[in-house]
Amino acid sequence: MARANSARILTQSLPCNLMKYITETERLRLRELTLGDTHFIIELLNTPGWLEFIGDRNVKNDEQAKAYLENGPLKSYRLHGYGLWLVEHRETRQPIGMSGILNRDQLDIPDIGFAFLPEFSGQGYAVEMVIAIASLAREKFGIARLAAITVPHNARSIRLLEKIGLKFEKRFRFPDKDEELLLYCSP
């Protein structure tokens with residue numbers, strides 16, 4: 001648990017003027033990830049839910065977390081203007097998850113992704129943020145249709161995707177992967 005607390009302290013100690021905020025909801029704020037978020041990334045990417053439903057990204061130390069950030073979210077910001085962003089609680093500025101828009105070579109349209117620390121699950125944060133991101137995708141980035149992918153046994157994600165209006169389209173596999181995934185798309 002010391003790792004979790006150090007990630008929260010490190011992120012909270014960054015000056016607000018160094019953070020690029022994207023949008024906010026009643027309870028949450030979305031901002032760009034920075035290299036100062038490495039401890040949080042290590043914590044989130046190694047939660048049981050991430051490992052079970054998204055998969056092991058082999059991010060166990062600061063160097064690996066920095067590489068994940070540089071080659072993932074930070075690169076996506078430069079290329080597309082969007083990517084995965086850090087979700088923080090508005091009142092406490094505590095990082096509670098990650099959500100955003102991804103461009104995958106294997107999909108024809110951008111997809112929405114989300115993951116939250118276990119202690120923030122079941123409180124409606126994911127629905128609140130995914131609705132805000134879907135709106136942001138349309139209004140700010142001109143993305144008319146969004147997709148989402150999940151594993152078939154992630155019932156909570158499936159319910160969330162259906163709740164925000166995405167419809168099941170098909171089962172598929174990424175090239176060179178054995179895992180079957182479900183593709184949901186907006187109308």
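Which residues are buried in α2? In this predicted model, the buried residues of α2 are Thr38, Phe40, Ile41, Ile42, Glu43, Leu44 and Leu45. Helix α2 is thus described as mostly covered, with 7 of its 8 residues buried.

Helix α2 spans residues 38-45 and packs against α4. The angle between the two is about 90°, and their axes are 9 Å apart. Helix α2 is therefore roughly perpendicular to α4, because angles of 65 to 115 degrees count as such. On the α2 side, the contact is made by Thr38, His39, Ile41, Ile42 and Leu45. On the α4 side, Asp62, Ala65, Lys66, Tyr68 and Leu69 take part. By class, the residues of this contact divide into 6 nonpolar, 2 polar and 2 charged.

Helix α4 (residues 62-71) also packs against helix α5 (residues 73-80). Here the angle is about 15°, with the axes 3 Å apart. Helix α4 is therefore roughly parallel to α5, because the limit for this class is an angle under 35 degrees. Tyr68, Leu69, Glu70 and Asn71 of α4 make the contact with Pro73, Leu74, Lys75 and Arg78 of α5. This contact has 4 nonpolar, 1 polar and 3 charged residues. Tyr68 and Leu69 of α4 thus belong to the contact with α2 and to the contact with α5.

Aromatic residues form a further set of contacts. The model holds 5 aromatic pairs. One of them joins phenylalanine 168 and tyrosine 184 in an edge-to-face arrangement. The ring centres are 5.7 Å apart, and the planes meet at 70°. This pair links distant parts of the chain, 16 residues apart. Phenylalanine 168 belongs to strand β7 (residues 167-172), and tyrosine 184 to strand β8 (residues 181-185). The two partners are covered to unlike degrees. Phenylalanine 168 is partly exposed, because its relative accessible area is 43%, a value between the cut-offs of 20% and 50%. Tyrosine 184 is buried, at 3% relative accessibility.

Elsewhere, Tyr82, Trp85 and Phe141 form one aromatic cluster. A ring also lies beneath a charge: the charged end of arginine 29 sits over the ring of tyrosine 21, 5.1 Å from its centre.

Arginine 29 is also among the residues touched by methionine 129. Methionine 129 is in helix α6 (residues 125-139). Its relative accessible area is 0%, so this residue is buried. Beyond residues up to four places away in sequence, methionine 129 touches Thr25, Leu28, Arg29, Leu30, Val87, Ser99 and Phe116. Phenylalanine 114 lies 15 residues from methionine 129 in sequence. In space, the two are 8.6 Å apart, C-alpha to C-alpha.

Two loop residues have a positive phi without being glycine. Asparagine 58 has a phi near 55°. This residue is found in the loop between α3 (48-53) and α4. Asparagine 58 is partly exposed, at 47% relative accessibility. Arginine 93 has a phi of about 65°. Its place is the loop between β3 (84-89) and β4 (95-102). Arginine 93 counts as buried because its relative accessibility is 18%, and the cut-off for buried is under 20%.

Notes
Residues numbered from 1 in each chain as written. Predicted model: local features only at pLDDT ≥ 70, side-chain atom pairs only at ≥ 80, totals over all residues. Heavy atoms only, no water. Phe/Tyr/Trp six-rings, centres within 6.5 Å; stacked < 30°, edge-to-face > 60°. Helix = DSSP H or I, 4+ residues; strand = E, 2+ residues; numbered from the N terminus. Buried < 20%, exposed > 50% of the residue type's maximum accessible area, 1.4 Å probe, protein only. Lys NZ or Arg CZ within 6 Å of the ring centre and 35° of its normal. Axes fitted to C-alpha atoms, helices over the stretch in contact; angles between N-to-C directions. Parallel < 35°, antiparallel > 145°, perpendicular 65-115°, else oblique. Contact = heavy atoms within 4.5 Å. Nonpolar A, V, L, I, M, F, W, Y, C, P; charged D, E, K, R; others polar.
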